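Student: Let's zoom in on one part of this model, starting from a strand pairing and carrying on to the metal sites and the enclosed space. Please spell out the cut-offs as you go.

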Amino acid sequence: MFRRRFLGLAGIAAVTGVGLPVGAMAGGDPLPPASAGRGAPKGPFSVRMPVPPTLRPVARTDDTDVYRLDVLAADLELLPGVRTSCLTYGGSFVGPTIRAREGRRVLVTYRNRLPEAVNVHLHGGHVPADSDGHPMQLIDPGGERRYEYPNRQPGATLWYHDHSHHAEAEHVYRGLHAFYLIEGEDERRHDLPRDEYDVPIAIRDAEFDAAGQLVHGDPAKRNVILVNGRSKPYFPVAARKYRLRLLNSSSLRFLKLNFGSLPVLQIGSDGGLLPAPVDRTGTDFPLAAGERVDLVVDFSGLAVGSRAALTNQGQYTGDDRIEPVLQFAVDRRARDRSDVPATLRPLPELPPATVHRELTLSFDLNGTPTGLVNGQPFDPDRVDQRVRRGATEIWTVTNGDSATKYGPIQHSFHLHLAQFRVLDRDGRPPLPGDAGLKDTVPLPPGTSVRVQATFTDYLGRYMYHCHMLEHSSAGMMGQMEIVD
Ligand code: C2O
Ligand code: CU
Ligand code: CU
C-alpha cells in the first residue's frame, strides 16, 4: 500500500531524484524552524546527537551470539517537542547497533510487528543467500525470521536495512536502518579508538510536514538533514582522537561532508580497513546513498569549551550551500592511548578475472518511471547473470542517463555478497572515495566504473542495484545466481 501511494502521488522527481518542480504533490508546508515547535524553544545545535544503542545478545554460545529484534512502529522525538511516527528496529531511529566479531557467528531473529511485510538485508555482508534479504523473502505481519550472519569477512562498517520488494525506499526512509559493525581479528591488535570513542554516525535527509510527520514525496523537499535521527545536533567530545564511522543512509541524496581544519585520517571504507591511513584533512567526503567511510578525527587541538562543525554541501536539490549538520562540542580532556598504525590491513590479491560483463543503469521515463538494468526492470523470477562460485569477474557499470528529458540523472552501484575493488572510471584512476574494498559507489550521469569482485562461498540468488532506493524500488535492480 505504501508503494501505490508513493508512485501514485509522487511525481517524476520523487523517483528520479532530479528535483523537478512537481504539480500535485502530497507535500505539506515546509518545516517550521525548530524553535517554533511545541515545548521548550531550541535553536540549532542544542539537541544532543544520540549514539544508537548497542543491541545485547539474548544468548551466547562458544561461537555464536544470538539476538532478537522487533520491527515495530514508534513515535519518536526526531524534532524537538514533536512526535514523529517512524518504522523502527527495536524502537529507535537509528536502530540498535549490532557489534559482531570476525569469525563469530551472529543469529538475529526479527519479529515483524508492523501491519505490512518487511525483510532485512545486511548491507555489505558476506552471507548465505537465504539470509540476504531477497526482496521476495518477506516476513509477514506477525511473523518472524531468523537470519544467519557468519561474519567470515574482514572487520567492517556494515548496516542493515529493509529490502522488501518495491517498498525498501519508503521503509528505510521511515526508519528501518541501523549499523552492524564487524570487529576484525586484526583490529583487536591495533589501538584504534574504541568503545565510547568509536562512534557510528548515520546521516540522511528527510521532509517533515507541518505536524512533524515524515513525508515520503518529492526529494527536492527533503530539506532536513538528520544526524543519528536528530536535526542539527551537537555531540560532546573529549579533546582526543575518535573513530567516526559515517554512513549516508539517505535513500537518494548524495552527501559531501567536510570536517574543516580538524585533522582527519581515513582508515577504512565500505569493506573495512585500508592498507594504510590516508590523511584527508580538509578534503570533502562525498558519500553516495549507502556508502560508508571510516575515519579517525583528532579533537586534541581544540580547547575545552570550543566547538567544531561537520558540514555538508547540499546536492541534487540544486542547493549548493555548505551548511553545518553537526557540531562537536569539546567538553573535557581525556587520556588518549589510541594510535593509528602506519599500516592497517593489506588488500587481498586481485586474481585474474575470467568473465567480463557490462551493465547499464537507466530509466524508462515514458509513463510511470521504471528503473532498468540493461534495458529490463527487476523481475524477481528472472536470473540476469549466472556467476560461477569462486569466479573473479570484472563488471563495467555505466550510467545511461546523461541526457534524459529531465536532464542528467545520478545513479550509484551496489553489489550484494561480495566486496569489490574499483579498477578505474572511464579509463581514469578511481576517486579517493573508491579506495579499498567497496560495495557501493557513485555513478555520475554518463560515466562508467569498472569493478572487480570474486564470488566465494555461497550459492543462490543475490541482488545488485542502484542504491538510490527510490530507483531500486522502481525496478533498477538485477539478480545474479551463484552456481557451481
Ligand atoms: Cu543496502 Cu541491496 O542494499
Ligand atoms: Cu546490500
Ligand atoms: Cu539510480
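**From a strand pair to the copper sites**

Tutor: Arg99 stands opposite Leu181 in β10. Before going on, keep in mind that this is a predicted model, where local features need pLDDT of at least 70 and side-chain atom pairs count only at pLDDT 80 or more, while totals for chains, interfaces and linings use all residues; side-chain values use heavy atoms, with hydrogens and water left out. Residues are numbered from 1 along each chain as its sequence is written, with chains lettered from A and ligands numbered from 1 in the order in which they are written.

Back to the strands, which are DSSP runs of E, at least two residues long, numbered from the N terminus. Strand β5 (residues 95–101) and strand β10 (residues 177–183) run parallel and share 5 bridges; pairing takes at least two DSSP bridges. Of the 7 residues in β5, 5 are buried, meaning under 20% relative accessible area with a 1.4 Å probe and protein chains only.

Now the metals. Donors here are N, O and S atoms within 2.8 Å of the metal (3.2 Å for Na, K and Ca), and sites may look incomplete because water is not among the atoms. For the copper ion (ligand 2), the protein donors are NE2 of His121 and NE2 of His414, 1.9 Å from the ion. That pair brings together distant parts of the chain, with His121 in strand β7 (residues 121–123) and His414 in strand β27 (residues 411–415), 293 residues apart. Both histidines, His121 and His414, are buried.

The copper ion (ligand 3) has His411 (ND1), Cys466 (SG) and His471 (ND1) as its donors, at 2.0 to 2.1 Å. Along the chain, they follow the spacing H-x54-C-x4-H. Cys466 counts as buried because its relative accessibility is 0%, and His471 is buried at 0% too.

Finally, the enclosed space. A cavity is a set of points on a 1 Å grid over the protein atoms alone where a 1.4 Å probe fits but cannot get out, and lining residues have an atom within 4 Å of a point. There are 5 cavities of 30 Å³ or more. The largest holds about 70 Å³, the volume being the space filled by probe spheres set on grid points joined across faces, edges and corners. Its lining includes Phe285, Pro286, Leu287, Glu291 and Arg292, and β19 gives the most, with 3 residues.

Conventions:
1 Å grid on protein atoms, 1.4 Å probe; cavity = no way out; pocket = protein on both sides within 12 Å on 5 of 7 lines; lining within 4 Å. Helix = DSSP H or I, 4+ residues; strand = E, 2+ residues; numbered from the N terminus. Buried < 20%, exposed > 50% of the residue type's maximum accessible area, 1.4 Å probe, protein only.
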